[in-house]
Amino acid sequence: MCACRASTHLSSPRRRRSLSDFTLTKQLYKGKASTLYQATDKPSGATVALKSYSKRRLSTLNWYQVEREVRLHSQLRHPNVISLHAAFEDDNYVFMITEFAAGGCRVVWGGRGEARAVGAACGCIWRRAPALS
């Protein structure tokens, strides 16, 4: 897993990140293999979304999907796509740190092109935007 670019208001992208750099303030979502939190980046004080994937609950396909999400998301630069600040892992989890969308819902495109709203401030990216199809 790579340490992806950081935005200017977060710590240097060269600095190795860990879960201890964040204070988890609120659980926003819990799924089979991942949990999404609102968190505070301790070094900068910025509010972020922290998504954690349990390694032991990821199938081979899920591993591929997480790696692809990190790889693609780290390359996206668009005002309508939530920014990925960092991705890192420890022995048990893979973490993604994204911009926190405090203003409301985002849209996630499903596998067959259908759109569905996801929870307010969830920190997910558009998984399949029409412009990227």
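Student: How much space lies in the second largest pocket?

Tutor: This is a predicted model, in which local features need pLDDT of at least 70 and side-chain atom pairs pLDDT 80 or more, while totals for chains, interfaces and linings use all residues. Residues are numbered from 1 along each chain as its sequence is written, and side-chain values use heavy atoms, without hydrogens or water. On a 1 Å grid, a pocket is an open set of points where a 1.4 Å probe fits, with protein on both sides within 12 Å along at least five of seven lines. The space in the second largest pocket is about 230 Å³.

Student: Which residues lie nearest the centre of the second largest pocket?

Tutor: Strands S1 (22-30), S2 (34-41), S3 and S5 each supply at least two residues of its lining. The lining has 18 residues (an atom within 4 Å of a point). Those nearest the centre are Lys-30, Thr-35, Ser-52, Ser-54 and Tyr-93.

Student: In what pattern do the helix and strands follow one another along the sequence?

Tutor: The chain has one helix (a DSSP run of H or I, at least four residues) and seven strands (E, at least two). Read along the sequence, they give the pattern β-β-β-α-β-β-β-β.

Student: Which residues of H1 are buried?

Tutor: Helix H1 covers residues 60-75. Buried means under 20% relative accessible area, exposed over 50%, and partly exposed in between. On one side of H1, Thr-60, Leu-61 and Gln-75 are exposed. On the other side, the buried residues are Val-66, Glu-69, Val-70, His-73 and Ser-74.

Student: Why are these buried residues said to lie on the same side of H1?

Tutor: An α-helix has 3.6 residues a turn, so residues three or four places apart point the same way. The buried residues of H1 lie on the same side because the directions from the helix axis to their C-beta atoms cover an arc of only 110°.

Student: Which strands are included in what covers the buried residues of H1?

Tutor: The cover is judged by contact, meaning heavy atoms within 4.5 Å. It includes strands S3 (47-54), S4 (84-89) and S5 (93-99).

Student: Is His-85 buried or exposed?

Tutor: His-85 lies in strand S4. Its side chain reaches the backbone nitrogen of Glu-99 at 3.4 Å. With a relative accessible area of 3%, His-85 is buried.

Student: What distance separates the C-alpha atoms of Glu-67 and Val-94?

Tutor: Glu-67 lies in helix H1 and, at 40% relative accessibility, counts as partly exposed. Glu-67 and Val-94 are 27 residues apart along the chain, and their C-alpha atoms are separated by 9.7 Å.

Note on methods: The expected span of a helix is 1.5 Å times one less than its number of residues. Buried means under 20% relative accessible area, exposed over 50%, partly exposed in between (1.4 Å probe, protein chains only). A polar contact is a pair of N or O atoms within 3.5 Å; within protein, one must be able to donate a hydrogen and the other to accept it, and residues adjacent in sequence count only if both atoms are side-chain atoms. Grid points are joined across faces, edges and corners, and a volume is the space filled by probe spheres set on the points.
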